[in-house]
Amino acid sequence: MSVTPVSRPPVESTEKTKQGTQYVFFFGAGKADGNGKMKDELGGKGAGLAEMTNAGLPVPPGFTIQTEACREYMRSNKTSEAVNQQMLTALKRLEELQGQKLGSGDNPLLVSVRSGAKFSMPGMMDTILNLGLNDESVKSLARKSSNERFAYDSYRRLIQMFGNVVLEIPKHAFDEVFDGQKKKRGVKQDTELTPDDLREVITQYKQVVKKHTGHDFPQQPLEQLTMARDAVFRSWNNDRAKVYRRINNISDELGTAVNVQAMVFGNLGETSGTGVGFTRNPATGVKEFYGEFLMNAQGEDVVAGIRTPIHISELHKQMPQVYDQLREITTRLEKHYRDVQDFEFTIQEGRLYMLQTRNGKRTGLAAVRIAIDMVDEGLIKPEEAIFRVDPNQLYDFLVPRLDERSGNIELLATGLPASPGAAVGQIVFTANDAVAKAGTGAKKNPVILVRAETTPEDIHGMEVAAGILTARGGMTSHAAVVTRGMGKCCIVGAGEIEVNDKKKEMRIGSLTLKEGDWISLDGTTGRVLKGQLGTLPASPDNADLQKLMGWAEPFRKIGVRANADIPRDAVAARSFGAEGIGLCRTEHMFFAEDRIPHMRAMIMARTEPERRAALSKLLPMQREDFEGLFRAMDGLPVTIRLLDPPLHEFLPKREQLMVDIARLEINDPKSPRLAEAREVLRRVEELHEFNPMLGLRGCRLGIAFPEITEMQARAIFEAAVNVAKEGKKPIAEVMVPLTVTIKEMSNQAQIIRGVAEEVFKEKGTKVHYHVGTMIELPRACIVADEIAKEAEFFSFGTNDLTQTTYGFSRDDIGTFLPAYVEKGILKNDPFTTIDQKGVGYLVELGVARGRKVRPDLELGICGEHGGDPESVAYCHRIGLTYVSCSPYRVLTARLAAAQAGAADKLNVEAGRTK
Ligand code: PEP
Ligand code: MG
């Protein structure tokens, strides 16, 4: 039989330089070689600059070296002659247009060299400003600007940035010199240093360069440019960029473009400045002009969060004409791109320049609000609006809020509400400590990463933290932008806080908090509160959200169910739109305090009657749970899986028992507890398995101890009948775990059906039910045609299927996944996003073989992948009946499924209707 072939990515070209390739794209004087659609080649920034230039906006001229040159550089560690030649030609054109020469003459041309990938990666790659300055041109700049301080400050910034980014000299080497000079002169602000001070700093900076590299700081402007360009190419593969790409699912193969652009200066004095902004509020979505700026500053000062910037409305007061022009331009840009714009501008001596525009990152709440508003404003159509929201971001509607009544509200500080939600955790002060203290899996601790400001180097800590708090920075600082993308609670610019990461403490007035102390963040209002407050679940009944989902839902073909084990979760899942329960893991019910003794008694039993006696105690409890689930899901299917995990999971740990026994032997040798503990230890040792995940678990339990299956089936059917008698409509799907042969399936199905008949007879009522199986082992996929003869439905357990296809233990992957990702062996965690080539191949095989025997076979997926948008789209493509995911992923799965359906129907490219 045949299986749908899984498409493979095209093979990368190994050709070094493609003949006739245009590597360099010029923009300036109202005309650009490229345009806004060329993000693949020019990156987001380059495409935006080209588009703005073509639209006649005030953009400093320059050129973009396209991403193919970066890919070539990554392959061969150098740039080709064609790239070098085209760059020289473009530079000449720029010099002619400006009437200046790079780094020479009376009026030297200075340029910025910036990265710019297809997808924005804020702050992850490198930028060099003021390039072209050297010992001579700095003098010309001082004369030309009549501002010595500005000229020497620009030069020292160049050496510092170039030294760090291109020559890879640690930042602190320069900071020590700079801070040393300030100390020597007894000043606090950078701006208090005189031109002579700066000349001294420059001399010392050059010594730092010589000491670290063995060479002088390069004086040749062209050499500076070439070195900077190559460093930007290399920065594509720096650690933080790699982590960012992994988190955001951006391909490592894309490469970055390099933008070389004539410098404009925001630091030329009090009529100059620089800023960033959004055409709408990126946190709430409200239609308001939103931004921050600093006078007499360079761009890095605003974005890096080093100085806390001023609200854009202040610009209206200081420079009304510039403000009006900026509003007019950005409104035009928003209309043009039909999306919120995130822009960067510089004012040089009263004249406005646009440096960047791109579609703005926003919170989930804002994304939905903006999509709805833009439809109301006639800017986009409803079917386009549904693509304007990243399904993962719907989580924002479900994020908890602080429970104001859960404890004393003791306000420590207030900052800017950069990313909404609530986070409660223990303080850590470094990204590494966040990783170490947060832990993984069951040992996960909530930590709050507190920093003076975050930098891209903190990305790994931000990823694991429950929330982020910074003392400095604005709504567009690194912390704010990155956490909004992550959907993580964040407060920035809480200026009352003094962070000392060396001492691992923070001070607020006279109060000192140390590592490990609890704090609570309210990311929606910006409040930092003392202690460990409780949180309230969010309500998903937001009117905007309902409207958007109303537009999206008609496109959805695949069903969405929830993995829920207890009635409370089932109720929540249904309120989020779940269309049934796709997986109830019954074992979770046995861990409750009042149940575990009976479960242990059942496991300890040596004979069948003993086992049955213990099971009979569990029966009413289990029945009650199932009644709750059937009631919550009235009229919708409830898929209940029989006991799955290895039994030892319910017993105390062997090591703990040994310790208890040793203690009792010394302290209380006559205690009856000692004999009991010894008996438990004996059983634990009997049940010990070398590979429990491959041992006595799944349907093997029900086959070895049929009375377990009998009890569970009885609890399910009695519950269903009881709920049916209340006038409700229970739909039971009894699921056998971990089958690999038809005989296992028929063995268990026979018991289940037998119990059903018994119960129906006893109760005098019948209910509708199905018996099916999990498909979670490779063999089950291969013999799915046989299994389907007995199974009325399949649910692909892609957690175990991934585990057994790769041979990667799902509980231990953390030990080697980081190395695999780091070395590029795996792009991401296959337990998060389904591996279409391998695991997906098996799923497709199971689908095809199962359907061949039973065309109406119901097919679901209930592994973690069921809530991952990319995997949901894949399940849609291969024609599954439903995906099942945790209740809090239901909205995400619904939108992802609707987008997949809509993309099929509409002519959609990269989430945009063409
Ligand atoms: C699975 O294996 O995908 C599954 C859902 O079952 P569990 O995670 O309980 O093993
Ligand atoms: Mg499983």
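Here is a short exchange about T833 and some salt bridges in this predicted model.

Me: Happy to start with T833. Where is T833 placed?
Reply: T833 sits in the loop between helix 31 (817-822) and helix 32 (839-853).

Me: Why does T833 count as buried?
Reply: The relative accessibility of T833 is 9%. Buried means under 20%, so T833 counts as buried.

Me: Which residues is T833 in contact with, leaving aside its neighbours within four places in sequence?
Reply: Those are N828, H865, D868, E870 and S871. The word contact is used because heavy atoms lie within 4.5 Å.

Me: And what separates T833 from V111?
Reply: Their C-alpha atoms are separated by 42 Å, and the two residues are 722 residues apart along the chain.

Me: Good, now on to charges. What makes D342 and R358 a salt bridge?
Reply: Their closest N and O atoms are 3.2 Å apart. The rule asks for a side-chain nitrogen of Lys or Arg within 4 Å of a carboxyl oxygen of Asp or Glu, so the pair qualifies. In general, side chains of opposite charge can pair when their charged atoms come close.

Me: How many salt bridges does this rule give?
Reply: The count comes to 66 salt bridges.

Me: Back to D342 and R358: is D342 buried or exposed?
Reply: D342 has a relative accessible area of 12%. With the cut-off for buried at under 20%, D342 is therefore buried.

Me: Then why is R358 called partly exposed?
Reply: R358 has 25% relative accessibility. Partly exposed is the class between under 20% and over 50%, so R358 counts as partly exposed.

Me: How do you know that R451 and D501 form a salt bridge?
Reply: The closest N and O atoms of R451 and D501 are 3.1 Å apart, and the limit is within 4 Å.

Me: Why can one say that this pair ties together separate parts?
Reply: R451 lies in strand 16 (residues 447-451), while D501 is in the loop between strand 19 (497-500) and strand 20 (505-508), so the salt bridge ties together parts that are 50 residues apart in sequence.

Me: Why is R451 described as buried, and D501 as partly exposed?
Reply: R451 is buried because its relative accessible area is 14%, and buried means under 20%. D501 is at 31% relative accessibility, so D501 counts as partly exposed.

Me: Last one: what links R641 and D644?
Reply: Their side chains meet in a salt bridge (3.6 Å, N to O). Both R641 and D644 are buried. They also belong to a network of salt bridges that links E587, R641, D644, R697, D800 and R810.

How values were computed: Residues numbered from 1 in each chain as written. Chains lettered and ligands numbered in written order. Predicted model: local features only at pLDDT ≥ 70, side-chain atom pairs only at ≥ 80, totals over all residues. Heavy atoms only, no water. Helix = DSSP H or I, 4+ residues; strand = E, 2+ residues; numbered from the N terminus. Buried < 20%, exposed > 50% of the residue type's maximum accessible area, 1.4 Å probe, protein only.
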